Amino acid sequence: MTWVTWRQHRLEALWALVLAGLLAVVTAYTAYELWVASANCPPTIGHGDCLSNDVFGQIAQSIQRFNLFQYGLAVLPALAGAFIGAPLVAREIENGTQHLAWTQGVTRMRWLLMKLALIIVPLIVAAALVGYLEVVLLNVQGPLTNRWDVFDQQTPVVPAATFFAVALGVAFGAVIRRSVPAMAATLVAFVIVRVGIGELVRSHYIAPLMKTTHDFNAVGTQADPTAWWLGFPNYYDSTGHLLGNLIGPGAGQPSYVIQYFQPGDRFWAFQTIESAILSGLALLILAFAVYWVTRRLT
Amino acid sequence: MIAPIEATGLGKRFGRTWALRDCSVRVPAGKIAGLVGPNGAGKTTFLHLAAGLLRPTAGEIRVFGRSPQSQLLLLLDRVGFVAQDTPLYGQFSVGDMLRFGQKLNRRWDQAAAEARLRNVDIPFDKQISHLSGGQRSQVALAIALGKHPELLLLDEPVARLDPLARREFMQRLTEAVAEEGTTVLLSSHVMADLERVCDYLIIIAAGQVQVAGDIESLLASHHLLVGPRVNDDVRLSGAELIKAQHTERQSSLWIRGRVPGLGAGWREEPLPLEELVITYLSAPHAGALPRPELEEAAS
C-alpha cells in the first residue's frame, strides 16, 4: 500500500514539497534578515524599520510588505484540502479504479486507512514546520510583537487546519464522487468554517478581560501591543453615559474608556484550543468518510 | 461440492429501482459461464455483488460458501475481478500496474503475470494511457490472473474491443483458465462473444434471471417448430411454448422440450444459441417459466 500510495500521489507530493519549501525559504530568509537587523535596532521601533538598506534588506522588506508568508500560510491548508483531499476517493470513483483497487487482496477499509495515514501525516509534518518558521519570524521581532494578527499562520494551528481541510476534502470527495465539485465544496466549506471560527468563536475561548482607564493615550495596542483588542473602545462621560467609539469635536467630553481584550500571555492557550477544535472536527469528518466509503458506497 | 457462486433470492435496489430482483442462480465449478443480457439488465450489479463491491438489498449470495460482504477478506485472494471498461491507473506504466498487483495481493505470481504480457508483446515501460483497448484488457486480465484466482469475474471485458482483439482476448482467457481449472463468470450483451468460449449460460433481463444452464443441454432442449397456422393457445404435450409468431399461413413456435409425433406439415428445427437468447430476452413471460437449472441446484 505504501508503494501504491506513493506511486499514485507522488506528483501531488512534489507540488506540496515545492510550495511548502518556497514558503519555508521565504520565511526563513526574512526571519534571518530581521534577526540581523535586530542587533543594532533600538527597542522602541519595530525591527522591520531597521532592515539594512542593501539589496538583501530590501528583498526582506518587500516580502514583508506583501505579506507573502501570511497569505501563503493561510491558503496552503485550503489548497491541500482541495487538491489532495478532495480527489483522494473522488478520482478513483470517476475513473472506476476503485473497482480495481477494492478487488485486490486488501479490504476497502485498510486501503482507505493506509492511504489517509500515508498522505495526511507528511502533510501535517510539513505544515507544522512551515508554521513553526512563522513563529520564529515573530520571535526575532522581539517581545512586543503582536502574534494575534497572524493567528492562523502559526503552528500548531496551521497543521491542525491542514488536517481539517484534507479530512473535509476526502469526505466531500467520497460523498460527491466527482473531483472538481468536491474541490469547490471543500474550498467553500473550509473558508466558511475558518472565518466563522476566527470571527465568531475564537474570542470566547476564555472570557476576555476588561480594561478601564482615564488615559486616552493608552488605548488598544498603545496600551499593550501584545494583546488582542476586541472590538472598538467605548468612551464614557463622567456620568457613565456611553458616548461612542470615537472621541472628537461634538462627541461630548469623555471621562474614561472601556475596552475588552485577550492578553498576550493567553496566545498559546488559544492556539492549543483552536488546534484541538480543528483536529477534533477533522477526526469526526474522517470517521464519517471511512463509514461512507466502506458502508455507503455499496 | 461448494459452488463458486450461489445466489438465493438475491436482490439489489438503487433508490426506487430494482437493478436485480429475486435472483436464484448457481454457477458450477470449472465452467466458463456467460452472463448475458441487454444493457441495464443487472449483469454488473450481479458481478459487483459477487465481488463484494455491493451489498444485497434482499436475499444472499455465497462465493465458495462464504459471504462476499461479511467475509470478504477470506475471498479476496481467491476471486479475480475485471471491472467494466477495464479500469487501470492511466499514469502508471505497465510495469507499475503489475507491481500494484504484487503489492496489494498476498497471493501473487509475478513471473506468470510478466510472461502473460510478454506473450502478447506489451512493453512494460509503456504508460497505461498509451495502450490500445486490446492491450489494456490484456493488462487487466494479467492482473486479475496474477493471484491465480479460483473464480474469475469479468464484466463486459471485450465490449469496447475490435473483433480481432476480442478473439485474442477470449483465446488468452480460455488458455489461462484451462490450465488451472478456474471457474469464470463473464458478462456480455453480445452473444457472439460468449458462444465460442462458454459452456454455461445465464440469461438475465430486467433484473431477473430468465434461464440458466449448460449450453449443450439448453440447445438440446429448445427447438423451433414451423408448421401450418395455429392459435397462441395451442397445446403442446411435453413442451412449453416460449414464444409464437404467425404469418397468414404459417406459425413458428419457440419451445422448450420436445413434442413427440409432430403433426403433418410440421417440422422441428434446432434453435441456434443466439436465437435462443434473443427469444428469452424478447419474451417477457419467459422468466416466469420453471427454470431447468433450479432442479440441478436443488439436488
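The exercises below, each with a worked solution, concern a predicted model.

**Exercise 1. Confidence**

State the scores of the model as a whole, then find the stretch of chain B where the pLDDT is below 50.

Solution. Start with the whole model, which scores ipTM 0.87 and pTM 0.88. Next take chain B, where the pLDDT averages 88 and 95% of the residues score at least 70. The stretch asked for is residues 288–299 of chain B, where the pLDDT is below 50. In the model this stretch has 11 contacts beyond near neighbours in sequence.

**Exercise 2. The contact between the chains**

Describe the side of chain B that touches chain A: how many residues does it have, which elements give two or more of them, and what are their classes?

Solution. First count the residues: 25 come from chain B, and they meet 17 residues from chain A. Then look for the elements of chain B that give two or more residues to this side; they are helix 2 (72–76) and helix 3 (94–104). Helix 3 of chain B provides the largest share, six residues. Last, sort the side of chain B by class: 14 residues are nonpolar, two are polar and nine are charged.

**Exercise 3. Two domains in chain A**

Give the bounds of the domains of chain A, the separation of their centres and the residues that form the contact between them.

Solution. Domain 1 of chain A covers 2–205 + 268–296, and domain 2 covers 209–265. Taken over C-alpha atoms, the centres of the two domains are separated by 36 Å. The contact uses five residues from domain 1 and six residues from domain 2. On the side of domain 1 that touches domain 2, three residues are nonpolar, two are polar and none is charged.

**Exercise 4. Backbone angles**

Locate the cis peptide bond from A:T155 to A:P156, and decide whether B:D85 and B:E156 are buried, partly exposed or exposed.

Solution. Begin with the general rule: most residues other than glycine have a negative phi, and most peptide bonds are trans.

- The bond from A:T155 to A:P156 is cis, and its omega is near 15°. A:P156 belongs to the loop between helix 5 (108–139) and helix 6 (157–176) of chain A.
- B:D85 has a positive phi, near 65°, although this residue is not glycine. Its loop runs between strand 5 (79–82) and helix 3 of chain B. A residue is buried at 20 or more other C-beta atoms within 10 Å and exposed at 12 or fewer; B:D85 has 18, so this residue is partly exposed.
- B:E156 also has a positive phi, near 45°, and is not glycine. B:E156 sits in the loop between strand 6 (151–155) and helix 6 (163–180) of chain B. With 22 C-beta neighbours inside 10 Å, B:E156 is buried.

**Exercise 5. Helix 5 of chain B**

Compare the span of helix 5 of chain B with the expected value, and find what covers its buried residues.

Solution. Helix 5 of chain B comprises residues 133–145, which is 13 residues. At 1.5 Å a residue the helix should span 18 Å, because the expected span is 1.5 Å times one less than the number of residues. The end C-alpha atoms are 18 Å apart, in agreement with that value. Now turn to burial: 11 of the 13 residues are buried, so the helix is largely enclosed by the rest of the structure. Among the buried residues are B:Q135, B:R136, B:V139 and B:L145. Their cover includes strand 5, helix 3, helix 4 (110–119), strand 6 and helix 6 of chain B.

**Exercise 6. A loop residue and a core residue**

Place A:V140 in chain A and list its contacts, then list what B:L153 of the largest nonpolar core touches.

Solution. A:V140 lies in the loop between helix 5 and helix 6 of chain A. This residue has 17 other C-beta atoms within 10 Å, so A:V140 is partly exposed. Apart from neighbours within four places in sequence, A:V140 contacts A:A31, A:L34, A:W35 and A:S38. A:Y235 is 95 residues away from A:V140 in sequence, and their C-alpha atoms are 36 Å apart.

Now take the core, which has 146 residues. B:L153 is one of the members that touch the most other members, along with A:L123, A:A167, A:V170, B:A33 and B:I203. Helix 6 of chain A gives the largest share of this core, 14 residues. Leaving out residues up to four places away in sequence, B:L153 touches B:L47, B:A50, B:A51, B:V79, B:G80, B:F81 and B:L185.

Notes
Residues numbered from 1 in each chain as written. Chains lettered and ligands numbered in written order. Predicted model: local features only at pLDDT ≥ 70, side-chain atom pairs only at ≥ 80, totals over all residues. Contact = placed C-beta atoms within 7 Å. Helix = DSSP H or I, 4+ residues; strand = E, 2+ residues; numbered from the N terminus. Nonpolar A, V, L, I, M, F, W, Y, C, P; charged D, E, K, R; others polar. Domains from an automatic or database assignment. pLDDT = per-residue confidence, 0-100. Core = buried A, V, L, I, M, F, W, Y, C linked by C-beta atoms within 7 Å.
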